[in-house]
Amino acid sequence: MAVEPECIVGIDLGTTHSLIAFADASGPRVLPDSSGRPLCPSVVLYLPDGHGGVHPIVGWDALAKSQGMTRSTIASVKRLMGRSRSDVEGDLAYLGYRVVEGDHATARVAVPTGTGFPDRVISPQEVSAAILSHLKRQAEAALGRPIQKAVITVPAYFDDAQRQATREAGRFAGLDVVRIVNEPTAAALAYGLGSGHTTADSRERVIAVYDLGGGTFDISILKVSPPAAPGETAFFQVLATAGDTHLGGDDFDRVLAEALFADVYGDESSGTPSNDARMRLMQVARELKHRLSDEPEAEVEVPGSDGRPVQFRMTRERFEALVLPLVERTLSACRRAVADAAAKTGGKALDAVIMVGGATRVPLVRSRVGAFFRIEPYTGVDPDQVVALGAAVQGDLLARKTGEALLLDVIPLSLGIETVGGAVAKLIMRNSTVPAKATEMFSTSVDGQTAIKLHVVQGEREMVADCRSLGMFLLAIPPMPAGIPQVEVSFLIDANGVLRVSAIERRSGRRASIQVVPNHGLTKDEVDRIERDSLVHAREDMTQHRVIDLVASARLDLKWIQDRLGRFGVRLDAPAREHLESHVAAVSAMVAAAEADWRAVDPDTFQRAKEALDRASIRLQELAILDSLQAQSPD
Ligand code: ADP
Ligand code: MG
């Protein structure tokens, strides 16, 4: 068998939806689930297992079963990734579940485990890992081969802790996260910008990526410098980002639902609708919104105040008037980003505007954005899929290691070390490309010091108090007068933005280092525990790989047998033929069951069924061999 190229998938781990995609010579494509759905809702429902534990249900299944299970349904967990409990205080009102404080003030979710048992506390990384595992299985079923490596995207404004948390989630899902890529960079890649495949694409460009999702809005302005010559590197630099972490398509649903409620129940109803009624209204509003993206007018059915169905009609014009203030709010963020970027480009005009996120399907959004930037926005690549497709393109480039278009990302915030008086010495500046390396010499300010504290911080401000603390370690040294020790501090950031800091005192040769585990990430103990847990799942993973392999080979067997049955079946006697056909049916049923859910099939039983099919087809194999021999010897 030919050696297959390495397979690196791309994953858009979104706040509302997540997707997995794969690229090969024929280009990138999203890998849908077994029902053909490309998007997976980023929702995990934790159901009690009856023994004080919980087990996760992911995506569409979680949504379907989540009615009345608000506290067990974890949505928008991306908002909690790598954050502290206090960081997310403002988000709590939007999340229906309990968020508690873990070690180092980190945000954790607490889900019910059934009456009589305490809530189970789960890290955001584990919740995301459940989504990633689900996508991984989906892709393995679609491609018919195991997947180990992935590129995962994050918003451009994600800091170190949030990126680290995303990497951890990947690791917990059994994925080797070969690269973390900014979402706008991925979107640009999906449009082929800067990938160096076209020679026409050889000048520097400034592009805007406008991303309006379910609950978040981001605008990023990027400078794309394509490879100067084949074999050189393309370069994506984030010039500016702005946005609103609580503005998105869901807000469109809300204003629409409010209008609908006022129109249908306005006079008769007193006060606000019940929780259930509100949920239903939001669903209807969303359906209406989606239809109004394609039609100038749409009608939906809602239960009237007397319970009988009422038709509710809305024109696109009225919808646009309702959501215009929301769209205008996105444009004021665009204005800020353009101003920030202009300071760096000298006001260079934009070359392109890329539309990302499901909510950019709304025609008003497209037209207002086009008018604002005075450019026809790019909408050719599906805005739901564009980030995942770009991540897959990056994965493919890494898998093929062409070098032709090795992409460099940049670090979003400067990294430095605390010095005397709480000041910050920056070693690596914001927007440096990764991988990056920097070294600086320091000394002591007090006589006879026997330990030097190295405090690693991230941020643009001059004082430690205004920056974010990433970690701290001590370097023990022999006592010397102030100013005599020569401490060389090195920062090394790998291609994934993970930072290693080391320090060596030159006179004594003493050294110490840390790999930065941001304060808002997991503790060592937690990582150990989660890795232990993932070992428990290793068996399950192996079973899954076996089933996937069996499906692939059974499909080939079935194809061969069915083809030969068509040609030589008539030469089999009736009982032999029936016998073989019953085995074909049995194995086909197992393949179908395994494709729907690999857990439904026991690999040993599957294996035995395959072997039985093989035995039942021996006569057919002989007939096929005879036939090919006769074809070779002309008689
Ligand atoms: P995220 O990046 O936050 O995961 P998505 O890009 O999946 O979000 O966007 C989800 C939003 O897009 C939802 O509010 C959804 O209603 C909206 N959306 C999806 N399709 C359409 C459509 N055809 N018309 C209008 N809005 C849409
Ligand atoms: Mg998105």
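Reader: What makes strand β26 count as mostly covered?

Author: Happy to explain, with the reminder that this is a predicted model. Five of the seven residues in β26 (residues 499–505) are buried, and buried means under 20% relative accessible area.

Reader: How do you know that β25 and β26 pair?

Author: Pairing takes at least two bridges found by DSSP. Strand β25 (residues 487–493) and β26 have seven bridges in the antiparallel sense, so they qualify as a pair. Within that pairing, E488 stands opposite I504 in β26.

Reader: Good, now the ligand. Why is the approach of K289 to ligand 1 called a polar contact?

Author: The test is a pair of N or O atoms within 3.5 Å. An N or O atom in the K289 side chain is 2.7 Å from an oxygen atom of ligand 1, so this pair passes. The backbone joins in too: a backbone N or O atom of G358 lies 2.9 Å from a ligand 1 oxygen, and a polar backbone atom of G214 is 3.2 Å from an oxygen of ligand 1.

Reader: How much of ligand 1 does the protein bury?

Author: Taken alone, ligand 1 exposes 590 Å², and the protein buries 90% of that.

Reader: Which elements give two or more residues to the shell around ligand 1?

Author: Those are α5 (249–265) and α6 (275–292). Helix α6 provides the largest share, three residues. In total, 17 residues surround ligand 1, with T16, H17, K289, H290 and S293 the closest.

Reader: And what is the make-up of that shell by class?

Author: It has 11 polar, four charged and two nonpolar residues. Glycine goes with the polar class here.

Technical notes
Residues numbered from 1 in each chain as written. Chains lettered and ligands numbered in written order. Predicted model: local features only at pLDDT ≥ 70, side-chain atom pairs only at ≥ 80, totals over all residues. Heavy atoms only, no water. Near = heavy atom within 4 Å. Polar contact = N/O pair within 3.5 Å; in protein donor to acceptor, adjacent residues only side chain to side chain. Areas by Shrake-Rupley, 256 points an atom, 1.4 Å probe, with all protein chains shown as cover. Helix = DSSP H or I, 4+ residues; strand = E, 2+ residues; numbered from the N terminus. Buried < 20%, exposed > 50% of the residue type's maximum accessible area, 1.4 Å probe, protein only.
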